Amino acid sequence: MIVMKNVYKKYPNGVVAANGINIEIKRGEFVYVVGPSGAGKSTFIKMMYREEASTTGDIIINGINLATLRNKHIPYLRRQIGVVFQDFKLLPKLNVYENVAFALEVIEESPEEIREKVNDVLALVGLTQKARMFPNELSGGEQQRVSIARSIVNVPKVVIADEPTGNLDPETSWEIMRIFEQINARGTTIVMATHNREIVNTIRHRVIAVDGGLITRDEYGGEYGYEG
Ligand SMILES: Nc1ncnc2c1ncn2[C@@H]1O[C@H](COP(=O)(O)OP(=O)(O)OP(=O)(O)O)[C@@H](O)[C@H]1O
């Protein structure tokens with residue numbers, strides 16, 4: 001489902017952020033990506049949704065080879081992958097419902113389909129009552145719920161999350177994790193970069209540790225194993 005073969009990434013400034021990564025992530029897995037700041041975690045996951053292209057090596061997502069993917073087909077890839085960010089990235093002028101619906105409208109779904117799908121995901125993240133509110137009227141945890149709803153409304157096979165609890169207090173972080181657990185229980189693959197030791201060591205999943213652009217550890221049910 002996600003395969004990387006000898007993936008190497010050098011940024012234009014000369015920094016090598018991936019230095020020969022080989023990995024296979026199967027459908028339905030939940031994977032944490034951990035490692036010190038600057039280790040290459042974001043680069044690793046940005047390459048999965050083609051925010052960054054690899055310099056050399058193959059990346060295959062759901063059978064799509066990103067090395068040969070033409071730019072005009074990137075939207076097709078993105079529809080198969082939901083992405084959740086630390087800073088939510090909601091559209092401030094759209095309300096909760098519209099932020100989630102937007103992901104569907106751009107691919108020309110019918111109004112009935114949009115309504116049903118958006119209402120379903122808002123119920124899943126517990127925001128039915130706040131559908132008409134705007135991002136600046138919501139707490140950080142609620143904003144992250146909207147962004148998770150947006151990421152899954154297309155029913156992607158993979159959800160990639162880059163530090164999704166990084167801006168949230170501990171209690172809210174656990175609530176957000178419960179939602180990711182639910183999404184994973186429905187069969188969606190989750191790849192999550194995180195600095196949250198408590199979470200990694202409590203809700204056990206596969207742990208991929210990255211350092212210096214290399215995978216230094218890959219264990220099912222592994223420990224966080226880093227300071228900070
Ligand atoms: N767009 C870019 N241009 C140049 N260098 C970059 C770029 N993005 C990241 N880097 C460099 O690549 C290396 C890996 O960065 P990356 O953001 O992948 O690390 P990270 O493990 O996600 O770090 P953090 O935990 O601090 O978010 C760092 O040395 C960083 O400075």
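**Entry 1: the end of the chain**

I started with E9 and E10, which pair in the antiparallel sense over 5 bridges. E10 covers residues 214-219. I looked up one facing pair and found Asp211 opposite Leu214 in E10. The two strands make a hairpin with 2 residues between them. Gly212 sits in that turn and has a positive phi of about 55°. A reminder to myself: this is a predicted model, and everything I note here comes from its coordinates.

E9 (residues 206-211) has another partner, strand E3 (residues 30-34). That pairing is parallel, over 4 bridges. Here I found Val31 standing opposite Arg206 in E9.

**Entry 2: the whole protein**

I stepped back for the overview. I count 7 helices and 10 strands in the protein. The radius of gyration is 17 Å, close to the 17 Å that the globule rule gives for 228 residues, so the protein is as compact as a globular protein of that length. Along the principal axes, the C-alpha trace spans about 45 × 40 × 35 Å. Buried residues make up 39% of the 228. I also checked how far along the chain the contacts reach. Taking the contacts with a separation of 6 or more, 68% come from residues 24 or more positions apart.

**Entry 3: strand E7**

Next I asked how many residues of E7 are buried. The tally is 5 of the 5, so E7 is largely enclosed by the rest of the structure. Val158, Ile160 and Asp162 point one way from the strand, while Val159 and Ala161 point the other way. All of them are buried, Asp162 included.

E7 has strand E6 (residues 81-85) as a parallel partner, over 5 bridges. The bridge I looked up there joins Val83 to Ile160 of E7. E7 also pairs with strand E8 (residues 189-193), again in the parallel sense and over 5 bridges. In E8, Thr189 is the bridge partner of Val158.

**Entry 4: Ile160 and the core**

Ile160 kept turning up, so to speak, and I followed its contacts. Leaving out residues up to four places away in sequence, Ile160 touches Ile45, Met48, Tyr49, Ile81, Val83 and Val191. Val83 is thus both a contact and a bridge partner of Ile160.

The largest nonpolar core has 62 residues. Which of them touch the most other members? The list is Val33, Met48, Val100, Ala149, Ile160, Ile190 and Val191. Met48 and Val191 appear there and among the contacts of Ile160 as well.

**Entry 5: around the ligand**

I listed the residues that surround the ligand: Tyr11, Asn13, Val15, Ala17, Gly35, Ser37, Gly38, Ala39, Gly40, Lys41, Ser42 and Thr43. By type, the shell splits into 4 nonpolar, 7 polar and 1 charged. Which element gives the most to this shell? Helix H1 (residues 41-48) does, with 3 residues.

**Entry 6: the open sheet**

I then traced a sheet of 4 strands, in the order E2-E1-E4-E5. The sheet is open and its pairing is antiparallel. E2 (16-25) and E5 stand at the edges with a single partner strand each, so one side of each is left without a neighbour in the sheet. E4 and E5 pair over 2 bridges, and I found Ile61 opposite Ile64 of E5.

**Entry 7: two odd phi values**

Most residues other than glycine have a negative phi. I picked out two that go the other way. Asn62 has a phi near 50° and lies in the loop between strand E4 (56-61) and strand E5 (64-65). Glu163 has a positive phi of about 55°, in the loop between strand E7 (158-162) and helix H6 (170-185).

Are they buried or exposed? Asn62 has 14 other C-beta atoms within 10 Å and is partly exposed. Glu163 has 20 of them within 10 Å, and so Glu163 is buried; the cut-off for buried is 20 or more.

**Entry 8: Leu124**

Last stop, helix H4 (residues 111-124), where Leu124 lies. Leu124 is partly exposed, with 18 other C-beta atoms within 10 Å. I also took its distance to Pro92: the two are 32 residues apart in sequence and 22 Å apart in space, C-alpha to C-alpha.

Terms used. Residues numbered from 1 in each chain as written. Predicted model: local features only at pLDDT ≥ 70, side-chain atom pairs only at ≥ 80, totals over all residues. Core = buried A, V, L, I, M, F, W, Y, C linked by C-beta atoms within 7 Å. Buried ≥ 20, exposed ≤ 12 C-beta atoms within 10 Å, placed from the backbone. Contact = placed C-beta atoms within 7 Å. Near = placed C-beta within 6 Å. Nonpolar A, V, L, I, M, F, W, Y, C, P; charged D, E, K, R; others polar. Rg over C-alpha atoms; globule rule 2.2 N^0.38 Å. Pairing = 2+ DSSP bridges.
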